[in-house]
Every structure is written in structure tokens, then in C-alpha cells.
Amino acid sequence: MRFAISLLALLLAGCGASRGLQPAPGKTLPVAPYGAKSPPTAKELLKPGNQSRPERSDELLKSSDQRRSDEFNLPPSN
């Protein structure tokens, strides 16, 4: 049973597209965006943009500093 499951998983992992992507028959790629000289290729359309995969701009563990004392953190008056 385990052998069958691992063989099936191996076959499914290898069934990806092995040739270049092309639009479906009778369809075309999207028109070129405003200001672009040519329409984007299939590879460019599949590349994730900055908004879909943002990078971290700060590393909390490397840039942590001691906080300075707060002058306005006073006990309540009676």
C-alpha cells in the first residue's frame, strides 16, 4: 500500500508541463499594458510581482534595541 501511494505521488510530481507554455488554441495573450512596447510573454505573466510576494524590510531580531525610559509613564495622582 505504501509503495503504491509513493509511486502515485512520484508520478504526479513528474507530470508538470515539460514544454513551453502557449495560449489555448484560438486565444491570444493579453494586450500590452499602457506604455509597454510589446505584450508580456507567458513567463513574464507567471512571475509573481512585488505585491504578491513582498519582502521583509526589517529584521526584528537583528535590529532590536533597548527602549529608553518613558518620562511620561507616571503613577496616577490621588
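How much area does the chain expose, and what share of it do carbon and sulfur atoms supply? In this predicted model, the chain exposes about 8700 Å², and 57% of that area is supplied by carbon and sulfur atoms.

## The chain as a whole

The chain has 78 residues, of which buried residues make up 1%. Its secondary structure consists of two helices, with zero strands.

## Helix α1 and a nonpolar patch

Helix α1 covers residues 2–13, and Phe3 lies within this helix. The relative accessible area of Phe3 is 65%, and because a residue counts as exposed when this value is over 50%, Phe3 is classed as exposed.

Phe3 also belongs to a nonpolar patch on the surface, which it forms with Leu7, Leu10 and Leu11. Taken together, these four residues, Phe3, Leu7, Leu10 and Leu11, have about 470 Å² of accessible area.

## Thr41 in the loop

Between α1 and α2, the latter spanning 42–46, there is a loop, and Thr41 has its place in that loop. With a relative accessible area of 40%, Thr41 is partly exposed, because the value falls between the limit of 20% for buried residues and that of 50% for exposed ones.

A distance can also be given for Thr41 and Pro30, which are eleven residues apart along the chain: their C-alpha atoms are separated by 9.1 Å.

How values were computed
Residues are numbered from 1 along each chain as its sequence is written. This is a predicted model: local features need pLDDT of at least 70, side-chain atom pairs count only at pLDDT 80 or more; totals for chains, interfaces and linings use all residues. Side-chain values use heavy atoms; hydrogens and water are left out. Patches are made of residues with over 30% relative accessible area and no salt bridge: like charges are joined within 9 Å, nonpolar side chains (Val, Leu, Ile, Met, Phe, Trp, Tyr) within 5 Å. Accessible areas come from the Shrake-Rupley method with a 1.4 Å probe; for residues, only the protein chains shown count as cover. A salt bridge is a side-chain nitrogen of Lys or Arg within 4 Å of a carboxyl oxygen of Asp or Glu. Helices (H or I, at least four residues) and strands (E, at least two) are DSSP runs, numbered from the N terminus. Buried means under 20% relative accessible area, exposed over 50%, partly exposed in between (1.4 Å probe, protein chains only).
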